[in-house]
Amino acid sequence: MKFTINRARFIQELQTVQRAISTKTTIPILTGVKIELNNEGLNLTGSNADISIETFLAADDEKAELQIIESGTIVLQARFFSEIIRRLPESTFTLEVQENYQVLITSGAAHFTVNGLDADNYPHLPVVEEQNQLKLPVHLLTKLIGETVFSVSQHESRPILTGVHFTMSNGQLLAVATDSHRLSQRIVPVENANKDFDIVIPGKSLVELSRSLSDEEAEVEISIMENQVLFKTPTMYFYSRLLEGNYPDTNRLIPTSFNTEITFSVPTLLAAIERASLLSHEGRNNIVRLAIADNSVVLYGNSPEIGKVEEELVYESVSGDPLEISFNPDYMKDALRAFGDMSIKIQFISAIRPFTLEPSEGDVSFIQLITPVRTN
């Protein structure tokens with residue numbers, strides 16, 4: 001195998017597949033990146049136990065300046081290879097596979113010879129049949145991930161909660177994540193789904209997928225099999241394993257009647273929560289308290305070691321019963337950031353029951369739920 005390519009363009013693709021490469025794998029060859037060259041272009045592949053990413057650089061990609069001299073395949077240790085390519089002196093480099101899987105990398109006056117591995121020993125990517133296909137605009141998929149994935153559990157004690165639950169039915173795609181202290185749910189209408197499905201995708205996979213998707217205009221094709229999901233764009237295949245088990249029924253967790261409602265501008269409330277959490281973070285208990293009365297709404301943050309903060313909040317409207325409620329400010333900040341620049345209504349039942357946040361106008365297709373902290 002031998003080719004010459006633009007270094008910056010190659011690094012772009014290498015960075016994408018490196019998201020799937022772990023140094024902690026029990027299969028040594030998976031610490032490497034698989035490079036495959038044919039007349040159509042260059043394929044790079046990275047994989048670990050959970051995700052596999054394959055990118056494709058077409059021979060006619062002008063920015064790549066790809067010159068195909070001889071096709072072939074090789075696996076190179078990803079971390080060292082990446083560092084070498086980054087530090088090469090010229091804007092292009094040539095890679096040539098020699099005898100015994102030795103690889104010569106040249107750029108200007110720099111010449112590196114590194115040891116490669118036989119690509120035949122690299123595990124095959126899953127075969128995903130063209131079924132359960134669904135197409136979504138990339139920007140919608142990344143938004144969907146951004147609005148839910150932060151609520152997945154970080155603890156492996158209940159593995160199913162470390163993923164986002166996706167269900168497709170009646171032309172609607174529902175995404176839910178919960179760690180049992182908070183919940184994020186988003187519904188989007190979908191016109192072109194072939195059939196219904198019910199899957200749980202690891203949160204870590206979705207974070208890496210979101211980082212790997214770059215073309216805002218493109219669509220992504222989603223294909224599902226028994227234990228794998230494939231996200232496909234014109235230049236990338238992103239595979240993830242699915243989590244096994246039954247996701248809890250989260251519908252019953254979302255209350256339908258409330259005793260207190262208040263409407264805020266998200267940026268205003270977020271700024272106040274950030275100020276209050278400056279002190280709460282320093283204390284043993286990371287808690288802020290919200291006191292709602294007929295004509296005032298006050299936020300309190302307290303750290304016995306440092307001091308306390310009290311701020312009267314600017315709100316748009318308030319109705320219902322007076323209430324004092326305590327909660328984790330980090331959960332609230334994550335939830336507010338997912339809404340962006342808009343007005344939201346927060347609805348409460350009591351000081352010990354979960355409360356909800358949702359857009360104050362339009363259809364209720366996005367809801368966040370937070371469990372309060374009981375204080376004595």
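Hi everyone, this is a short tour of one helix and some aromatic rings in a predicted model. Residues are numbered from 1 along each chain as its sequence is written. Local features need pLDDT of at least 70, side-chain atom pairs count only at pLDDT 80 or more, totals for chains, interfaces and linings use all residues, and side-chain values use heavy atoms, with hydrogens and water left out.

Let's start with helix 1, residues 7-18 (helices are DSSP runs of H or I, at least four residues, and strands are runs of E, at least two, numbered from the N terminus). Helix 1 has twelve residues and reaches 16 Å from its first C-alpha to its last, close to the 16 Å expected at 1.5 Å a residue; that expected span is 1.5 Å times one less than the number of residues. Among the buried residues of helix 1 are F10, I11, L14 and V17, where buried means under 20% relative accessible area with a 1.4 Å probe, protein chains only.

Now, the rings. There are nine aromatic pairs, counting rings of Phe, Tyr and Trp (its six-membered ring) with centres within 6.5 Å; planes under 30 degrees apart are stacked, over 60 edge-to-face and the rest tilted. What kind of pair do F10 and F93 make? Their centres lie 5.2 Å apart and their planes stand at 80 degrees, so the pair is edge-to-face. This pair links distant parts of the chain, with F10 in helix 1 and F93 in strand 7 (residues 92-97), 83 residues apart. Both F10 and F93 are buried. Finally, F3, F10, F81 and F93 form one aromatic cluster.

Methods: Buried < 20%, exposed > 50% of the residue type's maximum accessible area, 1.4 Å probe, protein only.
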